[in-house]
Amino acid sequence: MTEYRIPEAEVIEQATDARRFNEVMGKGPVQAEYRRMARDVAARLPDGGKILDVGTGTGFVTIEIANLLRGKAQVIGLDLSQAMLSLAAENAAARGVSEFVSWRVGDAKNMPFEAGEFDFVVSSGSLHHWDEPRRVFDEIARVLKPGGGCLVRDSKRLLKRRERLFAWLIGLSIPADFRKHYWGSIHSSYTPDELRQLLQTSRLQGWRIAEDVMDIFVAKEHCHV
Ligand SMILES: C[S@@+](CC[C@H](N)C(=O)[O-])C[C@H]1O[C@@H](n2cnc3c(N)ncnc32)[C@H](O)[C@@H]1O
């Protein structure tokens, strides 16, 4: 594992890449992680509200949240990639939640939303793709209502031998053609210290960082991580 980040491309643009992402991530243990995140968010908003998923991709977390909160919440998935969002719309239709979600093409560092629009901002597996993460955290701070919450989950760069061994074991369960993306994500992710330095100079206030064996979390306010 390298000491330094090896950044990945910001956007998953090609329809074939988007489709393969959707196939691989649409099953297996990662789906449990999406559901866990959605439960965390829904628990914070028992009366619903307006929720933004930044870098929603094919919409897995957005759809889980919409399914839990049904008509109580307005859930919006933002992504740079039309190819990913087209699949997100198909996934939402298959789950019967189309009426509770909407999809928006746009850049997280210049979000197409008003200040203070959202009760909650969530993001999964997208942070390591952001070209300018500080600007995205500034934007999250801007679009949140005062007192709004936020939960960002991403892979982390694995510097400890025990974590790398664990990642290698998990990697065995991933289809061979997709493993390069799996390791690419890990190599392009941040360490907790790097993320802390980024956040210290962003406009997002009240954040804290947590980590588990393979992932890193930024939570604002009373999120369970
Ligand atoms: C690895 S995918 C994760 C998708 C989904 N959140 C998940 O967990 O399955 C990362 C997504 O972030 C999107 N993305 C990267 N940078 C972005 C930006 N600046 N604005 C909006 N979306 C972005 C990519 O297009 C891609 O769909």
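Helices and strands here are DSSP runs, numbered from the N terminus: at least four residues of H or I for a helix, at least two of E for a strand. Keep that in mind, as I will use H and S names throughout. One caution before we start: this is a predicted model.

Let's begin with the sheet. It is open and has seven strands. Their order is S3-S2-S1-S4-S5-S7-S6, and the pairing is mixed. Which strands stand at the edges? They are S3 and S6, the latter covering 207-211. Each has a single partner strand, so one side of each lacks a neighbour in the sheet. From one strand to the next, the twist averages 15°.

Now walk across it, starting at the S3 edge. S2 is residues 73-79, and S3 is residues 101-105. The two are parallel, with five bridges between them. If you want one contact to find on screen, take Ile76, whose bridge partner in S3 is Ser102. How does the chain get from S2 to S3? It goes through helix H4, residues 82-95, and this β-α-β crossover is right-handed.

Next, S4 and S5. S4 spans residues 118-124 and S5 spans residues 144-155. They run parallel and are joined by six bridges. Here, Ser123 has Val152 in S5 as its bridge partner. Helix H5, residues 133-143, forms a β-α-β unit with S4 and S5, and that unit is right-handed too.

On to the other pairing sense. S5 and S7 run antiparallel, again joined by six bridges. Look for Leu151, which stands opposite Ala219 in S7. Then comes the S6 edge. S6 pairs with S7, residues 215-220, in the antiparallel sense over five bridges. The pair to click on is Trp207 and its bridge partner in S7, Lys220.

A general point for anyone colouring side chains: in a regular strand they alternate between the two faces of the sheet.

Now the helices. Two packed helices are described by the angle between their axes and the distance between the axes. Take H1 first, residues 15-25. H1 packs on H4 at an angle of about 40°, and the axes are 8 Å apart. That makes H1 oblique to H4. Their crossing is right-handed.

Second, H2, residues 29-44, and H3. Their axes come within 8 Å and cross at roughly 50°. So H2 is oblique to H3. This crossing is also a right-handed one.

Third, H3 and H4. These axes come within 10 Å and cross at roughly 30°. Angles under 35 degrees count as roughly parallel. H3 and H4 are therefore roughly parallel to each other. H3 passes H4 in a right-handed crossing.

Last, the ligand. How many residues surround the ligand? There are 22. The closest are Gly55, Gly57, Ala108, Ser124 and Gly125. By type, the shell divides into ten nonpolar, eight polar and four charged residues. Two elements we have already met contribute here. Helix H3, 60-69, supplies at least two residues of that shell, and strand S2 likewise supplies at least two.

To recap. We have an open, mixed sheet of seven strands, with S3 and S6 at its edges. Two right-handed units connect strands: one through H4, the other through H5. And around the ligand sit 22 residues, with H3 and S2 each giving at least two. That's the tour.

Definitions and conventions:
Residues are numbered from 1 along each chain as its sequence is written. This is a predicted model: local features need pLDDT of at least 70, side-chain atom pairs count only at pLDDT 80 or more; totals for chains, interfaces and linings use all residues. Two strands pair if DSSP finds at least two bridges between them. A crossover is right-handed if, with the strands pointing away from the viewer, the path from the first strand over the helix to the second runs clockwise. A residue is near a molecule or strand if its C-beta atom, placed from the backbone, lies within 6 Å of it. Ala, Val, Leu, Ile, Met, Phe, Trp, Tyr, Cys and Pro count as nonpolar, Asp, Glu, Lys and Arg as charged, and the others, Gly among them, as polar. Axes are lines fitted to C-alpha atoms, for helices over the stretch in contact, and angles run from 0 to 180 degrees between N-to-C directions. Angles under 35 degrees count as roughly parallel, over 145 as roughly antiparallel, 65 to 115 as roughly perpendicular and the rest as oblique. A crossing is left-handed if the near helix is turned anticlockwise from the far one by less than a right angle, and right-handed if clockwise.
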